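Colleague: Could you take me slowly through one part of this model, namely how its helices and strands pack together? Please tell me beforehand how far the prediction can be trusted, since I am still learning to read such pictures.

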There are 2 protein chains.
Amino acid sequence: MTTTQVVGAGDLFQVLRDGRPRTRAELVQETGLARTTVVVWMNALADLGLITPAGTAASSGGRPPSRFVFDPHAQFILGIDLGATHGTIGLTDLDGKVIARHHEQLDIAAGPTMILDQALDAASNLLKARATDPGLILGVGIGVPGPVEHSTGRPIRPPIMPGWDGFDIPNYVRRQFDVPVLVDNDVNILALGERATAWPDVDDLLFIKVSTGIGAGIVAGGVLQRGAQGAAGDIGHVQVPHGRGEDDLEATASGPAIARELSERFDAHLDAGDLVDRIRIGDPHAVEAAREAGRSIGEVAAICVSMLNPSTVVVGGRLGVEVQEIIAGVREVVYRRSIPLATQHLSIVPAQGGVDAGVRGAALMVIEDQLSAIAIDDRLATTNQSQR
Amino acid sequence: MTTTQVVGAGDLFQVLRDGRPRTRAELVQETGLARTTVVVWMNALADLGLITPAGTAASSGGRPPSRFVFDPHAQFILGIDLGATHGTIGLTDLDGKVIARHHEQLDIAAGPTMILDQALDAASNLLKARATDPGLILGVGIGVPGPVEHSTGRPIRPPIMPGWDGFDIPNYVRRQFDVPVLVDNDVNILALGERATAWPDVDDLLFIKVSTGIGAGIVAGGVLQRGAQGAAGDIGHVQVPHGRGEDDLEATASGPAIARELSERFDAHLDAGDLVDRIRIGDPHAVEAAREAGRSIGEVAAICVSMLNPSTVVVGGRLGVEVQEIIAGVREVVYRRSIPLATQHLSIVPAQGGVDAGVRGAALMVIEDQLSAIAIDDRLATTNQSQR
């Protein structure tokens, strides 16, 4: 059941990703695909600039066969990871490796034109600083902190993004970069980036971001699941089992929620940064508040684990990574509440993707979209030809 | 984004499923696939007996081209749907349509050899009664009421199936029917059958079975999700948010749980059948108990809806279908608790697949497996040839 199937140009691209040059005949032998299929798909990959000719192989008579190679630096991708209060704009190679980045404060509530202008200016500056031709940009991937209709790239009723509801982000971005523009929820791109970085072989992964908000990215059957309206993974707005009253998870266990509780206790104004500082110096109230928040997240995560049976739960986001009491609370409750079969081989681990995970995920989303577009284009092109 | 991709023999089979005979050239034109690909896949489909030659087309000179057609009656599939207390054994055509069925009481706790013998005897009798050659059986699909490691067909720690833990069901069945045998959780095969019957175009569907037990089948991104150990969809053993004490959903809202509560209230011994009867005559205590059970299921379903953002929630199982207070309670809580984006276009509907849904789903599981096997076999065969 674990045989890798080569059923599309994307799979062929995966074979070439090791960087070894190959002739068409070598790929036919390696993949078992028909020669015509290999030729069509390799032409499509070459048209996209994902592979380039790399000299010729020895000939057994006649014209020597061309070799093709994946050159990760032949083109670049812009990855834009927008959070509630900060954004990371990055330039990646075709492997999704971040080769330049810019990080800045922003206020997502300032609205789409101001924030996108700010991000696109930063992107242009990155390109200028590296003397990179904007014509070498394969596409732009963007993550935003709210639900997105992925097929159109429009946020849908995003709670903390006033002015963004229904805004056509791809159309706006294409005025400056006339390339494919893909948009998704920030947690989804984090999940993609985290999986590519640390868990490439895990097909069932639950990524939980704990930060200003709380949300999840679901990889099931090896595929990021977005749901019918792109709202999958919104665990921040479910009520906490065994929780206090009617508060949802975000109002119970997010950074601002924990800081608010501590502020009330100490009659002082503390923010999420203060919380992290107090935990670092061992303040027992802060430690207990974080642990309790982790338990609340664990109550919801336990249901997700029983529901989806992932093999890996990754806890990310600033609080999820920096405050170990959070993941400790998640582990405590998930292992207590979930059925044995679902937790027998379950790992609950902190995110390892670091600051680049969002940018990387955004870039990988673009690459995957381009590869899946090949299959469709290829089919339409062939059909059109045969109808002429 | 809705273009149908033909990326495997299974997709080619879907094209042929309309029953119209086609030549290879016509399929090349219709699908845009390379001729060699069409030839290889059609040979594989013909080898499996899924398509058969159907005369020749008019020739424009030379040998007239052969037409191929999908004949749903060329072979048959055995579908076996085993519940806790009853089983349905059915014979389907290659469309998964049930053409003969046998229903009988059983006690799953009697253990694998006794129960499988009982089911296989019933299957043999079905074949004899219809004078169907056992050699025409393409495969056997089986659903059991517990978690299953789908890749091996072995139940894993099934709570209500003593003696079945780790039992190699496919190996046992193949002594009588030496064909591919696929095994899955009964709720998963119900979800497959229900989707094929009533929701073929829905890619994100949550099926909830409410009967002796409570479980879910998850279709996400158009694919049945089984999770890392085949335990996905086990919502029966999560604790109910806002529930009474530490009881899990099955102990709160299943048929036996509701009957137990009413028995205590009336100091009488009632079973799930009595419950259905009392609700039918309008007993207000029974009606309220069922409604409350529906609300508990709704508490868990609301989290699943926020998590997965399905477009359709199907409530099935005997109680789910026969007792409308159950689905009313589910609707009440899901629409109250879930985020607006996730419920905006959400339908919560009773199952429509009827008694045949499980058998049909089991048969479809076999067909899908056979079709996906073609892609792998094809590739291996070609690779082996080129290595000779």
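Modeller: This is a predicted model, and chain A has an average pLDDT of 88, with 94% of its residues scoring at least 70. Among the elements of chain A, the highest mean pLDDT, 98, belongs to helix α5 (residues 169-174) of chain A, whereas helix α14 (residues 357-387) of chain A has the lowest, at 71. Two stretches call for care: over residues 1-5 of chain A the pLDDT is below 50, and this stretch has eleven contacts in the model beyond near neighbours in sequence. The pLDDT is likewise below 50 over residues 379-388 of chain A, a stretch for which the model shows 14 contacts beyond near neighbours in sequence. Where pLDDT is low, one should not read the predicted coordinates in detail.

With that caution in mind, let us turn to the sheets of chain B. In one of them, five strands lie in the order β6-β5-β4-β7-β10 (chain B), forming an open sheet whose pairing is mixed. Its edge strands, each paired on one side only, are β6 (98-105) and β10 (181-185) of chain B, and from one strand to the next the twist averages 15°. If you follow strand β5 (residues 86-92) of chain B, you will find that seven bridges pair it with β6(B) in the antiparallel sense, and that Gly90(B) stands opposite Arg101(B) in β6(B). Helix α4 (residues 112-129) of chain B packs on this sheet, where it touches β4 (76-82), β5, β6 and β7 (137-144) of chain B, and the direction of the helix makes about 35° with that of β5(B). Helix α6 (residues 186-198) of chain B packs on the sheet as well, touching β4, β7 and β10 of chain B, and its direction makes about 100° with that of β10(B).

Another open sheet of five strands in chain B has the order β13-β12-β11-β14-β15 (chain B), and its pairing is mixed. Here β13 (223-225) and β15 (347-350) of chain B stand at the edges with a single partner strand each, so one side of each is left without a neighbour in the sheet. In this sheet the twist from one strand to the next averages 25°. Strand β14 (residues 312-316) of chain B and β15(B) run parallel and are joined by four bridges, and Val315(B) stands opposite Pro350(B) in β15(B). Helix α12 (residues 324-337) of chain B packs on the sheet and touches β11 (205-210), β14 and β15 of chain B, while its direction makes about 170° with that of β15(B).

We can now look at helices that pack against other helices. Two packed helices are described by the angle between their axes and the distance between the axes. In chain B, the axes of helix α1 (residues 9-16) of chain B and helix α3 (residues 35-47) of chain B come within 10 Å and cross at roughly 75°, which makes α1(B) roughly perpendicular to α3(B). Ala9(B), Leu12(B), Phe13(B) and Leu16(B) of α1(B) make this contact with Val38(B), Trp41(B), Met42(B) and Leu45(B) of α3(B), and by class these are eight nonpolar residues, with no polar and no charged ones.

Further along the chain, helix α8 (residues 255-266) of chain B packs with helix α10 (residues 284-308) of chain B at an angle of about 145°, their axes being 10 Å apart, and the crossing of α8(B) and α10(B) is right-handed. From α8(B), Ile258(B), Leu262(B), Arg265(B) and Phe266(B) meet His285(B), Ala286(B), Ala289(B), Ala290(B) and Ala293(B) in α10(B), which gives a contact with seven nonpolar, one polar and one charged residues.

Finally, in chain A, the axes of helix α2 (residues 24-31) of chain A and helix α3 (residues 35-47) of chain A come within 9 Å and cross at roughly 120°, and α2(A) and α3(A) are therefore oblique to each other. Their crossing is right-handed, and the contact is made by Arg24(A), Ala25(A), Leu27(A), Val28(A) and Thr31(A) of α2(A) together with Arg35(A), Val38(A), Val39(A), Met42(A) and Asn43(A) of α3(A). Sorted by class, the residues of this contact divide into six nonpolar, two polar and two charged.

Technical notes: Residues are numbered from 1 along each chain as its sequence is written. Chains are lettered from A and ligands numbered from 1 in the order in which they are written. This is a predicted model: local features need pLDDT of at least 70, side-chain atom pairs count only at pLDDT 80 or more; totals for chains, interfaces and linings use all residues. Side-chain values use heavy atoms; hydrogens and water are left out. Axes are lines fitted to C-alpha atoms, for helices over the stretch in contact, and angles run from 0 to 180 degrees between N-to-C directions. Helices (H or I, at least four residues) and strands (E, at least two) are DSSP runs, numbered from the N terminus. Angles under 35 degrees count as roughly parallel, over 145 as roughly antiparallel, 65 to 115 as roughly perpendicular and the rest as oblique. A crossing is left-handed if the near helix is turned anticlockwise from the far one by less than a right angle, and right-handed if clockwise. Contact means heavy atoms within 4.5 Å. Ala, Val, Leu, Ile, Met, Phe, Trp, Tyr, Cys and Pro count as nonpolar, Asp, Glu, Lys and Arg as charged, and the others, Gly among them, as polar. pLDDT is the predictor's confidence in each residue, from 0 to 100. Two strands pair if DSSP finds at least two bridges between them.
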